[in-house]
Amino acid sequence: MTRRLLASTIFLGSFLLFLVEPIAAKQLVPLFGGSAAVWITCLVFFQVVLLAGYLYAHRLGQRPAAPATRPIRSRWTHPALLLLAVAGAVHWASGWPVLGHPVVQVQASPVLTIFRSLALSIGLPFLLLASTSPLLQVWYARTAQGELPYRLFALSNFASLLALAIYPTLIEPHLTLHHQRIAWCLGFITFAAMSALLQQQVYALSKQLSSPAPGAKTAAPAGRRGSINILWLLLPMGAGMQLSAVTSHLSENIAAIPLLWILPLAVYLLSLIVAFEYPKLVPVSITIRLMAVLLASLGYMLTKIDAALPIRVSIPFYLLELFVACLFLHSAAYHLRPRQARELTSFYLLFAAGGALGSFLIGIASPLLFSANYDLALSFVATAVLTLVATWQTGWAQRLVWSVGSALLLYLLVLLHGAFQHNRLIGVRNFYGSLRVEQKNMGPLGIMRSLTNGTIRHGTQIFTPAMSRTPTTYYTQDSGIGVALRFCCGDRPRRIGVIGLGVGTIAAYGHAGDTIHFYEINPAVLPIALHLFSYLRDTPARVDVIEGDARASLAAVPSQQFDVLAVDAFSGDSIPLHLLTKEAMDLYQRHLAPGGILAFHVSNQYVDLEPQISLLAKQAGMQARTVFSAADEDRGAFSANWVLVTNNTAFLEDRNVVLRLNRTGEQPKLRLWTDDYSSLLPVLHW
């Protein structure tokens with residue numbers, strides 16, 4: 001076995017392993033309303049299949065005791081699986097359906113649906129890629145008869161990091177999803193050929209593989225080995241919890257885009273590279289002090305649930321905490337690494353099991369167990385407790401510091417729970433996010449109720465006789481949607497469509513004879529809007545709420561002839577990208593009445609969507625205008641930005657309208673988004 005071929009195979013396998021993750025996840029996001037939870041669920045799937053790959057490598061890499069006991073280690077098992085995986089990859093690359101695939105239309109169990117879709121499309125190729133690094137390393141360790149090749153583990157992580165670095169910067173902005181799948185498939189075919197060649201070389205050296213490596217050290221006592229094996233599991237579990245929690249926090253509060261999935265994963269991999277390749281680069285004394293400061297400060301920030309930091313501050317801050325925590329946990333696991341080749345795959349197996357367990361606890365278990373989002377706080381507590389365990393042998397000073405630190409972070413978790421309960425009427429958490437309804441006495445303004453998803457407020461109602469039917473927040477009469485609804489149609493009955501229910505504020509514009517269709521994907525929203533807010537109950541208009549993804553619902557029915565169609569769905573702080581593509585625009589146009597108006601709600605802190613909507617309007621032969629309305633606390637109004645798209649010149653030239661309209665911003669060289677291509681990177685506000 002040549003070292004160059006082995007290193008190249010490990011590098012290519014790891015590169016493809018992490019390159020396919022954002023590709024596969026991105027094609028699933030539109031099918032679940034752009035929910036940020038899609039990536040976290042995908043991350044759990046990837047970690048579980050990574051564990052399965054390590055288990056496969058563990059079984060395949062074991063020394064056969066007798067021919068009858070090695071069916072999985074037969075000479076042809078691995079090449080046969082590689083051939084099947086190539087066939088699966090070709091099928092996926094050649095046109096595995098993305099939008100509208102019947103397998104992924106079942107919204108009742110999105111987690112199981114995502115798992116099934118990923119397993120059917122990239123499951124086997126991903127498993128074999130995951131098994132490559134540990135399997136080839138143990139074979140190398142036996143043929144080289146020398147020191148264990150932990151540097152190859154760092155090489156595999158470097159390749160993974162490179163894949164994550166080039167995806168949002170070079171691949172996503174320039175290639176469609178279809179072309180991304182084809183390029184990845186060609187790479188996988190090359191990898192399969194290299195792996196099969198190495199497989200044959202390994203079996204050609206079977207006699208050398210059967211002899212033990214010289215200088216093998218005596219195994220640790222059983223009791224100590226058992227405790228070390230537990231830490232091989234628990235330390236990566238803490239890092240996996242950190243990765244999932246930070247990724248979820250950024251995606252839910254900014255946008256569900258590959259960039260915000262990739263940055264935390266890249267930091268996680270960087271910590272692995274430093275821990276395994278440069279263990280002395282960052283002294284433990286510095287790491288542990290910095291981690292204590294970051295955990296304390298970020299833990300305290302979590303209790304300020306209404307506070308928000310600018311993107312240029314929040315992202316680096318959370319990524320730094322993630323890196324420091326994962327670096328310590330991974331370094332502690334590396335310090336306990338095995339010194340014998342026969343234990344190598346066991347180490348990787350438990351390491352992968354820990355990562356999968358951590359992702360499962362945050363991505364799957366936490367939404368099921370808690371009605372509010374405690375993910376970051378739970379990961380901080382777990383990190384502090386594991387640090388206490390890992391530093392226990394270093395003396396009483398560290399024991400005292402991390403015992404107190406664990407207790408304080410647990411107390412901060414209690415404070416966070418209290419903050420969530422303060423003024424709360426109800427709290428619900430599901431696949432689509434964590435919702436809570438708060439009620440406050442605003443003095444002269446009256447009782448006010450608000451619906452919040454994560455840290456983003458999605459609607460408010462003031463319960464006084466004068467204000468209970470008055471649209472507030474982003475929907476006031478001088479907002480873009482207010483202007484469109486007030487001046488679109490004169491006195492005749494209107495047909496109105498709204499993508500995104502919220503608390504049903506737009507129903508306040510309804511008149512007798514009007515028809516309003518709301519489209520809402522989150523099943524928890526409708527009961528809240530009906531029972532805790534009165535907009536839907538009080539409107540004289542006829543209101544229908546269609547549950548499920550708006551695009552799927554609109555595609556399944558004849559033209560609704562909407563006079564106004566509002567696109568007001570949000571995932572994190574931004575409209576889901578699948579609602580802003582050429583295909584979506586074509587669908588909206590089919591459902592508009594002649595002279596109808598599309599109203600896009602683009603109020604957010606982090607993304608400038610105006611240029612893309614302007615581009616969509618231009619390709620559709622329509623005009624786009626921006627309407628900005630200022631905040632006004634006395635009316636419960638928030639500053640709001642809407643883009644109105646129409647070919648109705650009478651509306652655009654109406655004297656009541658024209659003074660409120662502004663030209664939309666444009667961005668040179670911006671590429672039109674389609675279902676097969678989108679990139680949020682060019683329009684991010686840094």
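## Helix α13, end to end

Let's begin with helix α13, which covers residues 375–390. Its 16 residues should span 22 Å at 1.5 Å a residue, and the end C-alpha atoms are indeed 22 Å apart, which agrees. The expected span of a helix is 1.5 Å times one less than its number of residues. Helices here are DSSP runs of H or I with at least four residues, strands are runs of E with at least two, and both are numbered from the N terminus.

This is a predicted model, in which local features need pLDDT of at least 70 and side-chain atom pairs count only at pLDDT 80 or more, while totals for chains, interfaces and linings use all residues. Residues are numbered from 1 along each chain as its sequence is written, and side-chain values use heavy atoms, with hydrogens and water left out.

How much of α13 is buried? Twelve of its 16 residues are, so the helix is largely enclosed by the rest of the structure. (Buried means under 20% relative accessible area, exposed over 50%, and partly exposed in between, with a 1.4 Å probe and protein chains only.) Among the buried residues of α13 are Asp 375, Phe 380, Thr 383 and Leu 388.

## Helix α3 and the glycine after it

Helix α3 takes up residues 77–93. At 1.5 Å a residue, its 17 residues should span 24 Å, and the end C-alpha atoms are 24 Å apart, which agrees. The buried residues in α3 include Thr 77, His 78, Pro 79 and Trp 92. Just after α3 comes Gly 95, with a positive phi of about 145°.

## Spaces inside

The structure holds eight cavities of 30 Å³ or more. On a 1 Å grid over the protein atoms alone, a cavity is a set of points where a 1.4 Å probe fits but cannot get out; lining residues have an atom within 4 Å of a point. Grid points are joined across faces, edges and corners, and a volume is the space filled by probe spheres set on the points.

The largest cavity contains about 340 Å³ of space. It is lined by 27 residues, and those closest to its centre are Phe 18, Leu 50, Tyr 54, Asn 157 and Leu 269. Which helix gives the largest share of this lining? That is α4, with six residues. Helices that each supply at least two lining residues include α1 (3–28), α2 (37–61) and α9 (258–277). By class, the lining has 18 nonpolar, eight polar and one charged residues. (Ala, Val, Leu, Ile, Met, Phe, Trp, Tyr, Cys and Pro count as nonpolar, Asp, Glu, Lys and Arg as charged, and the others, Gly among them, as polar.)

## Contacts across the chain

Val 267 lies in helix α9 and counts as buried, at 14% relative accessibility. Its C-alpha atom is separated by 8.3 Å from that of Leu 320, although the two are 53 residues apart along the chain.

Leu 290, found in helix α10 (residues 284–302), is partly exposed, with a relative accessible area of 35%. The C-alpha atoms of Leu 290 and Val 324 are separated by 7.3 Å, with their positions 34 residues apart along the chain.

## Strands side by side

Now for the strands. Four of them form an open sheet in the order β1-β2-β3-β4, with antiparallel pairing. Two strands pair if DSSP finds at least two bridges between them. β1 (424–430) and β4 stand at the edges with a single partner strand each, so one side of each is left without a neighbour in the sheet. Strand β3 (residues 447–453) is joined to β4 by seven bridges, and Thr 452 has Arg 457 in β4 as its bridge partner.

Elsewhere, strand β5 (residues 495–499) has four of its five residues buried, so it is largely enclosed by the rest of the structure. β5 pairs in the parallel sense with β6 (residues 515–520) over five bridges, and with β8 in the parallel sense over four. Ile 496 has a bridge partner in each: Ile 516 in β6 and Val 564 in β8.

## Two loop residues with positive phi

Thr 473 sits in the loop between β4 (456–463) and α15 (480–487). Its phi is near 50°, a positive value in a residue other than glycine. Is Thr 473 buried or exposed? At 1% relative accessibility, Thr 473 counts as buried.

Gln 561 belongs to the loop between α18 (550–555) and β8 (562–567). Its phi, near 55°, is also positive in a residue other than glycine. Gln 561 is partly exposed, with a relative accessible area of 36%.

Methods:
1 Å grid on protein atoms, 1.4 Å probe; cavity = no way out; pocket = protein on both sides within 12 Å on 5 of 7 lines; lining within 4 Å.
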